[in-house]
Amino acid sequence: MANIKSSKKRIRVIENKTAKNKRIKARLKDILKQFDAAIEAGEKEEARELLAKAEKKLMQAVSKGTLHLNTASRKVSRLTKRFTKEFGIEALTEKAAKPAAKKPAASKAKKAEEPKEEPKTEEPKEDAKADEKEAEATPEEPKEEAKPKKKAAPKKKSTKKESAEEADKAEETEDKKED
């Protein structure tokens with residue numbers, strides 16, 4: 001057993017991460033088993049949905065740090081290969097018959113086609129006096145252009161000799177100020 005406080009904390013953190021990773025991997029295994037069962041049963045629609053779900057969960061596991069990206073990509077590739085071998089490449093690209101409950105997606109597509117309203121801009125004022133009053137009320141500040149930042153020059157390493165000379169100069173200036 002660890003005696004150091006930081007070691008004890010690391011043990012707790014590792015236990016929590018291990019538990020989290022086990023939950024994620026167990027859920028992945030369940031989805032993959034369901035996918036295998038759907039393939040064996042010949043259920044194309046269910047297998048397609050489970051393939052998409054498995055790919056999503058694998059990429060989530062990558063983002064959480066549970067799996068490596070190459071591992072997840074390899075698994076997705078193998079699942080896709082198995083699906084296309086069983087049902088053909090056309091089955092992968094076919095769109096499933098959507099149930100009536102998913103019609104709001106069509107309304108979203110219509111909204112996307114509609115032109116978006118441009119933000120309203122103020123019309124120019126015809127009254128010159130109003131413009132002058134407004135200019136007096138809000139003085140314009142010059143706009144600063146984005147200038148590339150200059151890199152700081154590397155600091156020169158001082159030697160003992162130079163630092164001693166600087167200290168002598170500082171003492172001399174202090175003596176002059178006192179006189």
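The paragraphs below lead through the helices of this chain, its nonpolar core and its salt bridges.

The model is a predicted one, and its secondary structure is wholly helical in kind, with seven helices and zero strands in the chain. Read from the N terminus on, the elements run α-α-α-α-α-α-α. Of the 179 residues in the chain, buried residues make up 13%. Among the contacts between residues at least 6 apart in sequence, 54% join residues at least 24 apart.

Helix H2 is a convenient place to begin. With 21 residues at 1.5 Å a residue, H2 should span 30 Å, and because its end C-alpha atoms are 30 Å apart, the expectation and the model agree. The buried residues of H2 are Ala47, Arg48, Leu50, Leu51, Ala54, Leu58 and Ala61. These residues cover an arc of only 165° around the axis, which means that they sit on the same side of H2. The face turned away from that buried side carries the exposed residues Glu49, Lys56, Ser63 and Lys64. The cover over the buried residues of H2 includes H1, H3 and H4. Beyond the end of the helix, H2 is followed by glycine 65, whose phi is positive, near 90°.

The loop between H2 and H3 holds threonine 66, which has a relative accessible area of 12% and is therefore buried, the cut-off being under 20%. The side chain of threonine 66 makes a polar contact with the side chain of asparagine 21, at 3.0 Å. If neighbours within four places in sequence are left aside, the residues in contact with threonine 66 are Asn21, Ile24, Lys25 and Ala61.

Helix H3, which covers residues 69–87, can be examined in the same manner: its 19 residues should span 27 Å at 1.5 Å a residue, and its end C-alpha atoms are 27 Å apart, in agreement with that figure. In H3 the buried residues are Ala72, Val76, Leu79, Phe83, Thr84 and Phe87. Seen down the helix axis, the buried residues of H3 fall within an arc of 130°, so they line one face of the helix. The general reason for such a pattern is that an α-helix has 3.6 residues a turn, so residues three or four places apart point the same way. Turned away from the buried side of H3 is a face that carries the exposed residues Asn70, Arg78, Lys81 and Lys85. What covers the buried residues of H3 includes helix H1 (5–41), helix H2 (44–64) and helix H4 (89–93). Just after H3, glycine 88 takes a positive phi of about 90°.

The buried faces lead on to the core. In soluble globular proteins, nonpolar side chains tend to be buried together. Here the largest nonpolar core has 19 residues, and those with the most contacts inside it are Phe35, Ile39, Ala47, Leu58, Leu79, Phe83 and Phe87. To this core H1, H2 and H3 each supply at least two residues. Leucine 58 illustrates the surroundings of one such residue: apart from neighbours within four places in sequence, leucine 58 is in contact with Leu28, Leu67, Ala72, Lys75, Val76 and Leu79.

Charged side chains add a further set of links, and the count of salt bridges comes to three. In one of them the side chains of aspartate 36 and arginine 82 meet at 2.4 Å, N to O. Since aspartate 36 lies in helix H1 and arginine 82 in helix H3, this pair ties together parts that are 46 residues apart in sequence. Aspartate 36 is partly exposed, with a relative accessible area of 31%, and arginine 82, at 30% relative accessibility, also counts as partly exposed. Arginine 82 also meets the side chain of glutamate 40 in a salt bridge of 2.9 Å, N to O. This pair links distant parts of the chain, with arginine 82 in helix H3 and glutamate 40 in helix H1, 42 residues apart. Glutamate 40 counts as exposed, at 62% relative accessibility.

A further salt bridge joins the side chains of glutamate 45 and arginine 48, at 2.8 Å, N to O. Glutamate 45 and arginine 48 both lie in helix H2, three residues apart, which is about one turn of the helix. Glutamate 45 is partly exposed, with a relative accessible area of 34%, whereas arginine 48, at 13% relative accessibility, counts as buried. Salt bridges that share partners, by contrast, join Asp36, Glu40 and Arg82 into one network.

Conventions:
Residues numbered from 1 in each chain as written. Predicted model: local features only at pLDDT ≥ 70, side-chain atom pairs only at ≥ 80, totals over all residues. Heavy atoms only, no water. Helix = DSSP H or I, 4+ residues; strand = E, 2+ residues; numbered from the N terminus. Expected span 1.5 Å × (residues − 1). Buried < 20%, exposed > 50% of the residue type's maximum accessible area, 1.4 Å probe, protein only. Arc of directions from axis to C-beta. Contact = heavy atoms within 4.5 Å. Core = buried A, V, L, I, M, F, W, Y, C linked by side-chain atoms within 4.5 Å. Salt bridge = Lys/Arg side-chain N within 4 Å of Asp/Glu carboxyl O. Polar contact = N/O pair within 3.5 Å; in protein donor to acceptor, adjacent residues only side chain to side chain.
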